[in-house]
Amino acid sequence: MAQTKKIRADGAQPSYIPTREELVREARKLVPVLRERAQATDERRTLPEETVADLKAAGIHKIFTPRRYGGFEMDWGAHVDVSRELGRGCGSTSWVSSVVMSHTWMLGRFPARAQEEFWPGHPDTIIATAFAGGGTMEPVDGGFVLNGQWRFASGVDHADCAVVGGRYNIQGRSSEGSRVKFRMAQLLPEDYEIVDTWHAEGLKGTGSKDILVKDVFVPEYRTVLSEELAGAEPPGAKLHKSYIYRTELGQLFYTLLCGPMLGTTRGGLEHYLEQTRERTGQMFGENVVEQVPVQIRVAESYEELRVADLMIDSLMRFLHEAGSSGKKIRGIDRLRIRREPAMAAKLCLSAITRLANMMGVTGQTGNNPVQRHYRDMRTISTHGGLNWDTGMTPTGKLLLGVPTGDPLTDMGIEKS
């Protein structure tokens, strides 16, 4: 299916909306070529332009772009299915497809004027975000002046704009004095400088470089309070029909990491099996596949990945059903949104680590794909959204009767 023949690029309603299954098939077709490019992608430390073109031709960049502006506005979870396939070939490509190309969903929550001004001229947009490091926003007449250096802007080399989060002070009228607040701001490429700081162990090809901003004015309508953007009724939601733009951002955001971790682990398993079926012992020439410990450990890794897949698929169905029905998520159900991705990441890391360790020195060479998938998964697992302690502590509190501090979690709780 050649999506480019069916997708309008003039910012109007698309003439064809693919199904999730069709997009998954398109992603699956890309796996062989992504495998071929994976080493070069690592060496470039950013996605090749050919890969970005392939992703766009497949329509993968439009999964969460509003239909109003030529996108697919798909149900939540489509990004997981697509990036899980891509990760079998290249972890960095999977990361960009899910974590970066899904940011169109975030811009769909910005004020209406910002969207109406930007989208028509950028129907194929890719949006980078950067929140770490940070900077400041100084209120001025009509907007804000931004200064700072933001870190880890994945995919910024291919971006048509970037969203950053900046601090600014609100002068209080009480004895409390000023309060620090955060706003999100949309920056155009001419507003920032890309600083090449991305020299990482894993996800090398994501190009997660820094964004440097010096005395740049951003009009107020291209900014939004972080708490408003993250809420259930962000300013721009009224422009779109789908629930994905009016569901609390925190309930959906961390699932952007799930497809890459599942796909990267699956890719490592596939490469391990391909290599091990042909491997013989370095000293005695025995067939490695006949070694019982190898058979057991392969089965362990397979089962850990299978359980992780089941867990995340269940979570995606839960989020879709809650979002599409307008159901407010309460009690212990709210906690699975952070707990289950962290649990799945732990399973994936365990699975791929076991496989990489079984390969001995063979698996430690820089161009061995099992080692590359292992490094990518290890890097994914360090993301703050998958932090084990953060993901598990609230559930432990709840089960022990200790308030979590979130009223929607602490009220009407069923401890089961």
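**Exercise 1. Determine the handedness with which helix 11 and helix 13 cross, and then describe how these two helices meet.**

Solution. In this predicted model, the crossing of helix 11 and helix 13 is left-handed. To describe the geometry, begin with the two elements themselves: helix 11 covers residues 332–358 and helix 13 covers residues 388–400, and they pack at an angle of about 140 degrees with their axes 8 Å apart. Because of that angle, helix 11 counts as oblique to helix 13.

The next step is to find the residues that form the contact. From helix 11 come I332, L335, R338, R339, A342, M343 and K346, and they meet W388, T390, G391, M392, P394, T395, L398 and L399 of helix 13. Sorted by class, the contact of helix 11 with helix 13 holds nine nonpolar, three polar and three charged residues.

**Exercise 2. Work out how helix 3 and helix 9 are oriented towards each other, and list the residues that make their contact.**

Solution. Start again from the angle: helix 3 (residues 78–87) and helix 9 (residues 258–276) pack at about 30 degrees, and their axes are 7 Å apart. Angles under 35 degrees count as roughly parallel, and therefore helix 3 is roughly parallel to helix 9. The crossing of helix 3 and helix 9 is right-handed.

On the side of helix 3 the contact is made by V80, S83, R84 and G87, while helix 9 contributes C258, G259, P260, L262, G263, T264 and G267. Divided by class, the contact of helix 3 with helix 9 has four nonpolar, six polar and one charged residues.

**Exercise 3. Describe the pairing of strand 1 with strand 2, and then look at the hairpin that they form.**

Solution. First establish the sense of the pairing: strand 1, residues 127–140, and strand 2, residues 143–153, pair in the antiparallel sense over seven bridges. Next, take one individual position, G135, whose bridge partner in strand 2 is G148. Finally, turn to the hairpin of strand 1 and strand 2, where two residues lie between the strands and where G142 takes a positive phi near 90 degrees.

**Exercise 4. Characterise the protein as a whole, beginning with its secondary structure and ending with its overall dimensions.**

Solution. The count of secondary structure elements in the protein comes to 14 helices and seven strands. The radius of gyration is 22 Å, which is close to the 22 Å that the globule rule gives for 416 residues, so the protein is as compact as a globular protein of that length. As a last step, consider the box that the C-alpha atoms fill, which is roughly 80 × 55 × 40 Å when taken along the principal axes.

Note on methods: Residues are numbered from 1 along each chain as its sequence is written. This is a predicted model: local features need pLDDT of at least 70, side-chain atom pairs count only at pLDDT 80 or more; totals for chains, interfaces and linings use all residues. Side-chain values use heavy atoms; hydrogens and water are left out. Two strands pair if DSSP finds at least two bridges between them. Helices (H or I, at least four residues) and strands (E, at least two) are DSSP runs, numbered from the N terminus. Axes are lines fitted to C-alpha atoms, for helices over the stretch in contact, and angles run from 0 to 180 degrees between N-to-C directions. Angles under 35 degrees count as roughly parallel, over 145 as roughly antiparallel, 65 to 115 as roughly perpendicular and the rest as oblique. A crossing is left-handed if the near helix is turned anticlockwise from the far one by less than a right angle, and right-handed if clockwise. Contact means heavy atoms within 4.5 Å. Ala, Val, Leu, Ile, Met, Phe, Trp, Tyr, Cys and Pro count as nonpolar, Asp, Glu, Lys and Arg as charged, and the others, Gly among them, as polar. The radius of gyration is taken over C-alpha atoms; the globule rule is 2.2 Å times the number of residues to the power 0.38.
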